[in-house]
Amino acid sequence: MKDSGVIFLVILFVAALSPGCAREGLNDAVRNGQVALYDGKYEEAVPHLKRVAALAPEEPYAHYNLGMAYLMLGKNSAAAKAFERAAELSAASSNTDALEALGEARRRQKRFSSAKSAYEQAMSRVGRHGRLLAGLAACEMAEGRNEYALSLLQEALRDSPENPAVLFNMALLKKNVSRDLGSAAGYYIKYLLLTSPGEFPEQDAAALRALAEIHEFRDPEVISNVSRYVNASRSASDAGVAAQYAYGAVMADPTDPAALLLFIDKLDAAGRKDYAEQMRSRYRRLFPGALGL
């Protein structure tokens, strides 16, 4: 994740097995494993990274990167084991990457108490960073302690207001627990606009489904407000005024693709081409399956 999760850190080794050795040398194993890891070829990365861990057993990131490959493959038990070793080897340092990743692996195993312990250990070293608070909050949500999870996410937002994991978990909590659909939509939208397509595919799919569901079950008052702004925009003779009314429709329901398309059209008519292009990018990100662009 980026600030929100897995960071594939570069391992810099200088040693290698002696020339003529039939097996893969350390430098080659590092290079081959990391290239496969960065390219998303996790199955291919594993044997190279296992080789690195065997040749450099006291190097924390040898085990950390192997854990990353396992985590991406959904092999959470193997990932946790690798991260545990990486955390042991980096216990004397201020680096918390292994502990953070261990928390994620244990959370996926539904070992929430152990996951929380890993996040808390990390925070004892580096403070209450947003990404660590987000992981801790996800565990609390899974165990039904939603009020505490909310307080953790609020704290996380103060520290990391653009952290994707914080935004996504806050959206999840607002939608499924608080039933505050307007706030949930805002957090989902901010999450999507701050990440790239394909960066977090599972979360992206969940966010897009949630936005479609929120739009489908809009409050009648929201529908009425959108309709009022749309009608005013279409009847306005001045292009700038029409764009302002269309913007009102978008603000009334940011989950409405038709409202955003209307806004883009009115921006074009008003000669605001750069802003219109920004909104087209927004439209493509939020409504990738919709017609219109």
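Me: How many helices and how many strands does the protein have?

Reply: The protein has 15 helices and 0 strands. The model is a predicted one. Along the principal axes, its C-alpha atoms fill a box of roughly 80 × 45 × 25 Å. Of the 293 residues, 45% are buried.

Me: What share of the contacts between residues at least 6 apart in sequence joins residues at least 24 apart?

Reply: That share is 51% in this protein.

Me: How should one read the two sides of a helix, taking H8 as the case?

Reply: The general idea is that an α-helix has 3.6 residues a turn, so residues three or four places apart point the same way. Helix H8 spans residues 146-159, and its 14 residues reach 20 Å from the first C-alpha to the last, close to the 20 Å expected at 1.5 Å a residue. Its buried residues are Ala149, Leu150, Leu152, Leu153, Ala156 and Leu157. Because they cover an arc of only 165 degrees around the axis, they lie on the same side of H8. On the other side of H8, Glu147 and Arg158 are exposed.

Me: What covers the buried residues of H8?

Reply: The cover includes helix H7 (130-142), helix H9 (164-178) and helix H10 (181-194).

Me: Is leucine 211 buried or exposed?

Reply: The cut-off for a buried residue is under 20% relative accessible area. Leucine 211 has 3% relative accessibility and therefore counts as buried. This residue is placed in helix H11, residues 201-216.

Me: Which residues is leucine 211 in contact with, leaving aside its neighbours within four places in sequence?

Reply: The contacts of leucine 211 are Ala185, Tyr188, Ile189, Leu192, Thr255 and Leu286. For isoleucine 189, the separation from leucine 211 is 22 residues in sequence, while the C-alpha to C-alpha distance is 8.1 Å.

Me: How should one read the sign of phi, and where does this structure have positive values?

Reply: In general, most residues other than glycine have a negative phi. Lysine 110 is not a glycine, yet it has a positive phi of about 65 degrees. Lysine 110 lies in the loop between helix H5 (97-108) and helix H6 (112-126). Arginine 179 also has a positive phi, near 60 degrees, and is found in the loop between H9 and H10.

Me: Why do lysine 110 and arginine 179 fall into their accessibility classes?

Reply: Lysine 110 counts as exposed because its relative accessibility is 63%. Arginine 179, at 49% relative accessibility, counts as partly exposed. The cut-off for exposed is over 50%.

Key
Residues numbered from 1 in each chain as written. Predicted model: local features only at pLDDT ≥ 70, side-chain atom pairs only at ≥ 80, totals over all residues. Heavy atoms only, no water. Helix = DSSP H or I, 4+ residues; strand = E, 2+ residues; numbered from the N terminus. Expected span 1.5 Å × (residues − 1). Buried < 20%, exposed > 50% of the residue type's maximum accessible area, 1.4 Å probe, protein only. Arc of directions from axis to C-beta. Contact = heavy atoms within 4.5 Å.
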